[in-house]
Amino acid sequence: MWIYEKKLQYPVRVGKCNPALAKYLIEQYGGADGELAAALRYLNQRYTLPNKVIGLLTDIGTEEFAHLEIIATMVYKLTKDATPEQLKEAGLGDHYANHGQGIFYHNASGVPWTAAYIAAKGDPIADLYEDIAAEEKARATYQNLINLSDDPDINDTLRFLREREIIHAQRFREAVELLKEDRDQKKVF
Amino acid sequence: MNQVPTEYYQVLEQLQMVDFVLVDLTLYLDTHPDDLEAIKQFNHYTKERKQLKKAFESQFGPLLQYGNSYSAYPWNWADCPWPWQL
Amino acid sequence: MNTHHKTYNPYVSPFDPCPPIQVKTYSTPPHLYMGYQPPNLQQFTPSEALRAGTIWKAFYDPYYNTLEMAKEGIQT
């Protein structure tokens, strides 16, 4: 089971009302390499992975939900008090027509999230290599978002999230090494 | 609606710091289960986060529910602000 | 010591319609060089770690856009 904790993983601040930026950030909410895809990918793959990496997939998958909430918080703050007129100017007119002020699982172009974004091969190496690639793609997306943003507070949080992708990629690489080892021999330092 | 005092953000950030160390150490230990020093450090911060949780909750209400935090009267779990509103 | 970004020079055609960018860059973060993380690596303090996004100094690789780099005088 999961237990919700009433706090963000990172102290998010948003400098100014900027719905145009929210339109870009939603890529990491409901996009192919976004946090929802990441959480669901890892938490689903773990059922058919060898015992020694199940814990890692569980923990990274859980952290991705914390990141999903961080993205939602930024989108919420950036659009909270924007008028329909402002949303229209920001290119969010079509979003508003469907969702009003609501947040939704789609990418920056409005394409709804789909399970086709994630994979499960039931093969530990294939799945972990996908996870490593997913982390690198998420890192690249955060770089693109930082390049698009002129809000120093948003960039501060985006840098935090990008750094987490680096750590996750490192751990997935280590998971591959663990699975390459003969038998269950322990790592000796 | 009443806004939270400045102290709310300070105490919360103390907890966020310690919890972040615990998250990063958790992922490290998932692939380094025999690193005794890291486990000692993990247990040290686990103790510290327990105290910080208690301090935060006594002032600002429960962080967890389903019985993972005590409740005041009346039930205050569902009170604002939620994390994204702060 | 590995650098955490790399550069290359794309081919510039006389018929390229946009003003050419002579140097393109891409990220090569520290985890690409780490291998299996050895024990006892240097750590940030908890407050530094939260801001950095990791407790491990060796993995710290902040990314800034060109505007931020110009403002902060950050060298690439």
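Here are a few exercises with worked solutions on a predicted model.

**Exercise 1. Work out how chain A is built and whether its radius of gyration fits the globule rule.**

Step 1: Begin with the elements. Chain A has eight helices and zero strands, so to read it from the N terminus is to read α-α-α-α-α-α-α-α.

Step 2: Compare the radius of gyration with the rule. Chain A comes out at 18 Å, close to the 16 Å given by the globule rule for 189 residues, so chain A is as compact as a globular protein of that length.

Step 3: Add the extents. The C-alpha trace of chain A spans about 65 × 30 × 30 Å along its principal axes.

Step 4: Look at burial and contacts. Of the 189 residues in chain A, 48% are buried. Among contacts in chain A with a separation of 6 or more, 78% join residues 24 or more positions apart.

**Exercise 2. Repeat the analysis for chain B and decide whether chain B is spread out or compact.**

Step 1: Chain B has two helices and zero strands.

Step 2: The radius of gyration of chain B is 15 Å, well over the 12 Å that the globule rule gives for 86 residues, so chain B is more spread out than a compact globule. Its C-alpha trace spans about 50 × 25 × 20 Å along the principal axes.

Step 3: In chain B, buried residues make up 24% of the 86 residues. Residues 24 or more positions apart provide 44% of the chain B contacts with a separation of 6 or more.

**Exercise 3. Check the length of helix 2 of chain B, then find its buried residues.**

Step 1: Helix 2 of chain B covers residues 36–60, which is 25 residues. At 1.5 Å a residue the expected span is 36 Å, because the rise is multiplied by one less than the number of residues.

Step 2: The end C-alpha atoms are 36 Å apart, in agreement with that expectation.

Step 3: The buried residues of this helix are Leu52(B), Lys53(B), Phe56(B) and Glu57(B). Helix 1 (6–31) of chain B is included in what covers them.

Step 4: See what comes next. Gly61(B) follows helix 2 of chain B and has a positive phi, near 100°.

**Exercise 4. Identify the largest nonpolar core and its main contributor.**

Step 1: The largest nonpolar core has 62 residues, and those with the most contacts inside it include Leu25(A), Met74(A) and Val21(B).

Step 2: Elements supplying at least two residues each include helix 4 (51–79) of chain A, helix 1 of chain B and helix 2 (46–52) of chain C. Helix 4 of chain A gives the largest share, 11 residues.

Step 3: Take one member. Leaving out residues up to four places away in sequence, Met74(A) touches Val12(A), Val14(A), Leu25(A), Ile154(A) and Thr157(A).

**Exercise 5. Judge how enclosed helix 3 of chain A is.**

Step 1: Eight of its 11 residues are buried, so helix 3 of chain A is largely enclosed by the rest of the structure. Among them are Leu36(A), Arg41(A) and Tyr42(A).

Step 2: The cover over these buried residues includes helix 2 (27–30), helix 4 and helix 7 of chain A.

**Exercise 6. Describe the contacts that chain A makes with chain C and with chain B.**

Step 1: Chain A brings 18 residues into contact with 17 residues of chain C. Helix 8 of chain A gives the most to this side, with 13 residues. By class, the side of chain A has six nonpolar, four polar and eight charged residues.

Step 2: The contact between chains B and A takes 19 residues from chain B and 24 from chain A. The chain B side divides into 11 nonpolar, four polar and four charged residues.

Note on methods:
Residues are numbered from 1 along each chain as its sequence is written. Chains are lettered from A and ligands numbered from 1 in the order in which they are written. This is a predicted model: local features need pLDDT of at least 70, side-chain atom pairs count only at pLDDT 80 or more; totals for chains, interfaces and linings use all residues. Two residues are in contact if their C-beta atoms, placed from the backbone, lie within 7 Å. Helices (H or I, at least four residues) and strands (E, at least two) are DSSP runs, numbered from the N terminus. Ala, Val, Leu, Ile, Met, Phe, Trp, Tyr, Cys and Pro count as nonpolar, Asp, Glu, Lys and Arg as charged, and the others, Gly among them, as polar. A residue is buried if 20 or more other C-beta atoms lie within 10 Å of its own, exposed if 12 or fewer, and partly exposed in between; C-beta atoms are placed from the backbone. The radius of gyration is taken over C-alpha atoms; the globule rule is 2.2 Å times the number of residues to the power 0.38. A nonpolar core is a set of buried Ala, Val, Leu, Ile, Met, Phe, Trp, Tyr and Cys residues joined through C-beta atoms within 7 Å.
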